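Could you show me around this protein, one selection at a time? I have the viewer open and would like to know what to click on and what I will find there.

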Amino acid sequence: MQYSISHTQYAIHNTHDSQLTIHNSRLTTHNSRLTTHNSRFTIHDSQLTTHNSQLTIMFKPIILSIIISTILIACAPGRDDEFNLGPTPEVPQFSAQLLPGDSNRVVVKNLSEGNFQLLWDLPGGSPKTSNHAVDTILYTDAGEYTISLFVSSSDGNGTVSASQKITIVRDAPLVCSPKLELLTGCGSTGKCWTFSTAGGAVKVGPTYGDFSWYTSPENGLQDVQYDDSYCFTFLQFVFQNDNNGQSINPWDGYIAENYNPGLSEFQFLEGTGMGGRDQIILPDDQFMGTWDTDNVMDIVSLATNELILRARICAQDGTPAAEGWFELTFVPR
């Protein structure tokens, strides 16, 4: 039903019936009565006039209460403290110590608490930056280096930093161990690995040794994944993700996306992984196998014709997931 109200007069008066008169028409409702028990609200002697129409309305007390409550809530002032930032975070504390038995590797560890985000700046080291609370840094050349840690607090009020200097007394020995020979070939051209086409090349599961979530079938990966090469060169410890210009984006429906990872460095650490396994560590912006694989990888098996790695699933910002692991199998290219 549609009402067109013109030249309208509203009057709230001492009465129990309701009238609405529009353009000299009258709609009268007879024999209806609204009764509430022991409560009545009557609005007396107030008028709102427009022209030639009259509206008389009886209200129940609860309606007025609702209106008043609504007005009070709507008019309540905002809380300024919701927009107040907390204090500037404290200057971070961290340790930087040589790895026992290796005078060219330094273990950095964040000792601060309550940090929303952290970043290591490691000029001259490998990797050059890191966002891990604990990380191992390789310095191949003797010299003095500055290690800086930047942290942001959880309330977002600014970033502070602290720095320390460390001294590397000798150059790293360029000895290609038997394990590095299996991984890199020890030659100047390096050695490249690619996904195996056998079943189980990619396994996914909730924990380090449980891969019950997914096992890839034989030839079950995409062509874009099979044409990728992951190359390790012993000289200067160079890593290259040669993806032929495209990688599979796991955060966007597993579609092929144009991407150029470029050249970087890698670390090979013996005995630092789970259960004393050796590890391959790439820079934070690099990956091997799948884009959502963490850059810290345990070596499950390393042989002339096979490389099996385990690593955490990571988020798009590089943060390792609380649950979820990959096991990836590669063969020489």
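Start by selecting Trp193 and Pro332: Trp193 stands opposite Pro332, which belongs to strand β24. What you have open is a predicted model, so treat each stop as a look at a prediction.

**Stop 1: strand β12 and its partners**

Now colour residues 191-195, which make up strand β12. Is this strand mostly covered or not? It is mostly covered, as four of its five residues are buried. Next, add residues 320-332, the strand β24; β12 and β24 pair in the antiparallel sense, over three bridges. Then add residues 229-233 to bring in strand β15, which is antiparallel to β12 and joined to it by three bridges. To see one of these positions, select Cys192 and look across to its bridge partner in β15, Cys231. As background, strands of a sheet pair through backbone hydrogen bonds, either parallel or antiparallel.

**Stop 2: an open sheet**

Move on to β5, β6 and β9. They form an open sheet of three strands, in the order β5-β6-β9, with antiparallel pairing. Which strands stand at the edges? They are β5 (94-98) and β9 (134-138); each has a single partner strand, so one side of each is left without a neighbour in the sheet. Turn the view and you can follow the twist, which averages 20° from one strand to the next.

Zoom in on β5 and on β6 (residues 105-110), which are paired through five bridges. Select Phe94, and then its bridge partner in β6, Asn110.

**Stop 3: charged pairs**

Side chains of opposite charge can pair when their charged atoms come close. How many salt bridges does a search of the whole structure find? It finds six, and here are some to visit.

- Select Asp102 and Arg105: they form a salt bridge, and their closest N and O atoms are 2.9 Å apart. Asp102 is partly exposed, at 23% relative accessibility, whereas Arg105 is buried, at 9%.
- Select Lys179 and Glu270, whose side chains meet in a salt bridge of 3.8 Å, N to O. Lys179 lies in helix α2 (residues 178-184) and Glu270 in the loop between β20 and β21, so the pair ties together parts that are 91 residues apart in sequence. Lys179 is partly exposed, with a relative accessible area of 34%, and Glu270 is partly exposed too, with 48%. Add Asp278 to the selection: Lys179, Glu270 and Asp278 are linked in a network of salt bridges.
- Select Lys203 and Glu327, another salt bridge, with 3.8 Å from N to O. This pair links distant parts of the chain, with Lys203 in strand β13 (residues 202-205) and Glu327 in strand β24, 124 residues apart. Lys203 counts as partly exposed, at 27%, while Glu327 counts as buried, at 8%.

**Stop 4: the nonpolar cores**

Finish inside. Select Ile280, Met288 and Phe330, the residues with the most contacts inside the largest nonpolar core, which has 30 residues. Elements that give two or more residues to this core include α2, β12, β15 and β24. Which element gives the most? That is β23, with four residues.

Keep Ile280 selected and show what it touches: among its contacts are Leu183, Phe232, Phe268, Val296 and Leu309. Then look for a second, separate core of 17 residues, which includes Phe94, Ala96, Leu118 and Ala162. You have already met Phe94, as the bridge partner of Asn110.

Technical notes:
Residues are numbered from 1 along each chain as its sequence is written. This is a predicted model: local features need pLDDT of at least 70, side-chain atom pairs count only at pLDDT 80 or more; totals for chains, interfaces and linings use all residues. Side-chain values use heavy atoms; hydrogens and water are left out. Buried means under 20% relative accessible area, exposed over 50%, partly exposed in between (1.4 Å probe, protein chains only). Two strands pair if DSSP finds at least two bridges between them. Axes are lines fitted to C-alpha atoms, for helices over the stretch in contact, and angles run from 0 to 180 degrees between N-to-C directions. A salt bridge is a side-chain nitrogen of Lys or Arg within 4 Å of a carboxyl oxygen of Asp or Glu. A nonpolar core is a set of buried Ala, Val, Leu, Ile, Met, Phe, Trp, Tyr and Cys residues joined through side-chain atoms within 4.5 Å. Contact means heavy atoms within 4.5 Å. Lists of a residue's contacts leave out its neighbours within four places in sequence.
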